[in-house]
Amino acid sequence: MREELLLEIFSEEIPARLQKKAMSDAIVTFSTIMDDYNVSYGSVESFVSPRRLTLLVNNLQQRTKTAVERKRGPSVSAGAKAINGFLKSSGKAKENLIEIDGYYYVDIETNPSEVRGLIGDMISDFIANMPWQKSMRWYLEDQKTLSSFWIRPIRSILCVYDGSPVDELIKSVGLRTCSYTYGHRFLAPRIIEVSDFDGYRNGLEAAHVMIDYAKKRDHIDMEMTKKAADLGLCVMYDDGLLDEVAGLVEYPFVHIGVINEQFMQLPPEVLSTSMKIHQKYFTMTYPDSVIAPFYGVVTNIPVTEVMSDGLNRVLRARLSDASFFYKEDLDVTLEAFAQRLSNVVFHEKLGSMAQKIDRMMSIASTKDEHRATALCKADLLTQMVGEFPELQGTIGGIYAGVQDESHELRIAIKEHYKPVNATDTIPSSLLGARISFFDKIDSLVGLLGVGIKPTGSKDPFALRRTAIGIVKLLCESDGNILDSETLSWYIDTLITAYLDQGVPLDANTGEVVKEFLTDRFRTFVIDGLEVSSCVVDAVINSFGDVSNLDYPAAINKSRKTHYLTTLDGFDVVRTAYKRAIGIIGDTRVNLSEGTDVQFRDTSMIVANDAVQALYAACLAANNSSSKRVVKEDEPNVADDEDFRSVAQAAGFILEVCDKVLINDPDPKVRLANARLLRKFAHVVRDRIGDLTYVTSPRAC
Amino acid sequence: MISFQDIIFRLQKFWDEHGCAILQPYDTEVGAGTSHYATTLKALDNQYWAAAFVQPCRRPKDGRYADNPNRTQYYYQFQVIIKPAPANPQELYLDSLKAVGFDMAAHDIRFVEDDWENPSLGAAGLGWEVWCDGMEITQYTYFQQVGGINCSIVPVEITYGLERIATFMQGVESHFDINWNGKEGDQKLTYGDVLLRFEREFSCYNFDAASIDILSKHFEDYEVECRRLLAHNLVMPAYEQCIKANHGFNLLDARGIISVTERAGYIARVRALAKSCCQAWVESL
């Protein structure tokens, strides 16, 4: 194709997990380089397979853009000799001089250069600047030096521009660009001559290489679903696994293998985790979701009989390992495992897991909670969790079931790590949610208490995720996570427990923890509910004690206020609120004095209807903070009506504030005025939020 | 059917034909062929180097009293180290599999990312585990660093798991069923005939019987001796003390008396020794 640049960096196998990102990074990196070289180009596309990263630039113009460079000359006051010398050296005439701030300048146009001649340098720059997460160097025998960094050794570089090959030495990797590539490593390892992208794609397709990542992924998905359906099975969908297996093959062949019946006694979670982690096999289920004795696998060449036997055999070896662990583990009770928790470090400054459990015990209240707390971390010492750390909790739950613990306890142990992030669900039972809360609040108090804080993108102890987990538990649980205590009580009790264990925590730990939680709550509402930051701040600051936030109430209110900002009249309320706050903040009136002063004494009784409306709004203000987060997206009709009366009152306030003197000379009138404004401000704060945080009508 | 020993013979022959010195195992306990000075120390100088050898490996914690068919505390690696890595190391490796008898048209060979790291030796590299029909049969690594020192010439290390390859090629399910000498009937010797009792008794030793006092004392002695020898600029004997200390730590670890904090401390001590040895080695070149 005319003015098409095709570049393929052919290397040893690129890790599957990095391929998707490499495609977008390659486009950004190469585009930046093309801009630096002042070339004009159209769209840029990228492709990837295990052994190649490919770029296609459309409409790459043959000549660079004309660039103009402004060159500074002598000062205007310089002699003719200096000026003539400047003109001569720049190849310009006197009429080309430009005068700016007492200096002469000339504009020098650089001549366009041939893009073909720049491609070699652009490729070198591309290799040098491609941001691999982890990369390596290899030895260049000819140059007696190490190569530039790349994900794995580069073996060949294909480059074709405008229909003909580019032949350039890329010194940093010791290779000359060429006009050919290679097919599938095993099925078609031949050389493929390429003159344009269509030829490249078709040539590779014929040589069993799929360079379109998304297409390859879809192909696997469809093939596996179809082959499973033929056997009456469903594939347990796994997005991450699908990405990974797609990145492991140049061409995907899908096969359904068999699990030996003897292993079907293993817990389904163990089966599917072992298959996924060790073998990258997909789990199959029957339509009723019961795990089936089959698996799905993607191979790089067609499956032969010996291969199919091999795939089954390696799974048998894996599962017999798992069975061995399972059998050994079941010889030991969870209590016995739990006794060894003193050998497991929670954190070097915060002692062992056994100490953590002791502290959690100090905030647990019921018998069930004590039992669940005592056993919840026992599985960390099982061989199964040693082998599959991702099954922590799950294994504890399974083993609790085997040793006949109650259903509630089993589920609580299984789910007590939830929610693991902002999008995860909370434990399904109150018991599980409470244990999760104990665990997380203990971690947060201890870690923050010894001065560990996340910085920028670094949060090695996952404090942010822990805090988000706590916020979610508080906001989303059906039951009352805090039971009859306050959040402060839990924090203080844990601080005491730490101190009793001889762990020195900072004196202000309690405050730091509460602030950290409030801050995470803010992020959680902004990101999770897509509520703007000023609305969240208005809501958070409308609560009396910001560090002791009623999270469920705050979240309901954020959602409601966010909705209210979209209504007509919101800006009137905002303006009136600010005005009212400005006035009461300014007044020297002691609002608690003069019990005999009535609203009717106010000089603001200009428009009686509006005062009535304000009254109604004030009276309707009942503190209806529900503990449970309202799930509905739209606030109910009552909210709308409420808001209309507040808006009406706000309009009235704006109107009269211009007309009357609020700080009336008569103390009685002055007090009545101030009280009315305060009542209004109170209603707005209570129902909507502290709107001084909302800076402009469009900020929300 | 190819015997266990024939796999070794063929690998030795293949790498002999490709210029490697065929060495014998290091005669002290190591956790991997990487610990052989022919890998670590030799990776750090500026000379051409190519060697291949079988290395028995000891990983005390992996013992299962011979009850587990695939996990043992003692097993064999076939180790290849070539420096600098040639221009076509993957092709050479695949050819070596063919030499052993793999049918490339019938088996799914894949290079699956696995960046190798050995914290005790301060060594790291990039590479893959090589899968054959889903089974890991080889670890393939381009060293970048040893003893915390960057490699000025990057070697390739290819480590074959001999039992894995043998179970695969012989179609058996257990290491102990591997036919060692290729004979049938009365003369057949299996892996189990050679190593079953060894595996059982060493599992007992590693997990239950080894004297913690003696092991702890040994660890201290190896550490002191390593430093003393370094002071005399005897790098290779010092390095040997370092890997003995490492094995001593592995035994203590298997005895289950090392807490997680202590564990990190032991690893740091071994790494400090390894680093000093590598440093001394580079300085003495």
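These legends go with close-up views of a predicted model.

**View 1. Chain A, overall.**
Here's the whole of chain A, built from 24 helices and 20 strands. Its C-alpha atoms fill a box of roughly 100 × 100 × 55 Å along the principal axes. The radius of gyration of chain A is 35 Å, while a compact globule of 700 residues would come in near 27 Å. Of those 700 residues, 41% count as buried. Looking at contacts in chain A between residues at least 6 apart in sequence, 69% join residues at least 24 apart.

**View 2. How chain A splits into domains.**
The domain assignment of chain A gives domain 1 (5–63 + 116–206), domain 2 (67–110), domain 3 (213–325), domain 4 (334–528) and domain 5 (547–693). Note that domain 1 is written as two segments, 5–63 and 116–206. Pick out domain 2 and domain 4 of chain A: their centres, taken over C-alpha atoms, are 72 Å apart.

**View 3. Strands β15, β17 and β18 of chain A.**
Start at β17(A), residues 282–285, which runs antiparallel to β15(A), residues 234–235, with two bridges joining them. Cys234(A) has Thr285(A) of β17(A) as its bridge partner. β17(A) also pairs with β18(A), residues 291–299, again in the antiparallel sense, this time over three bridges. One spot to zoom in on is Phe282(A), whose bridge partner in β18(A) is Gly296(A). Together β17(A) and β18(A) make a hairpin, with five residues sitting between the two strands. In that turn, check the backbone of Ser289(A): its phi is positive, about 75°.

**View 4. The two domains of chain B.**
Chain B divides into domain 1 (4–205) and domain 2 (211–283). Their centres, over C-alpha atoms, are separated by 24 Å. Where the two touch, domain 1 of chain B puts in 20 residues and domain 2 of chain B puts in 21. On the domain 1 side, the residues sort into nine nonpolar, seven polar and four charged.

**View 5. Where chain B meets chain A.**
At this interface, 32 residues of chain B are in contact with 34 residues of chain A. Which elements of chain B give two or more residues to the side that touches chain A? They are β4 (109–113), β6 (123–132), β7 (135–146) and α8 (260–283) of chain B. The largest share comes from β4(B), with four residues. By class, the chain B side has 15 nonpolar, eight polar and nine charged residues.

Technical notes
Residues are numbered from 1 along each chain as its sequence is written. Chains are lettered from A and ligands numbered from 1 in the order in which they are written. This is a predicted model: local features need pLDDT of at least 70, side-chain atom pairs count only at pLDDT 80 or more; totals for chains, interfaces and linings use all residues. Domain bounds come from an automatic or database domain assignment. Two residues are in contact if their C-beta atoms, placed from the backbone, lie within 7 Å. Ala, Val, Leu, Ile, Met, Phe, Trp, Tyr, Cys and Pro count as nonpolar, Asp, Glu, Lys and Arg as charged, and the others, Gly among them, as polar. The radius of gyration is taken over C-alpha atoms; the globule rule is 2.2 Å times the number of residues to the power 0.38. A residue is buried if 20 or more other C-beta atoms lie within 10 Å of its own, exposed if 12 or fewer, and partly exposed in between; C-beta atoms are placed from the backbone. Two strands pair if DSSP finds at least two bridges between them.
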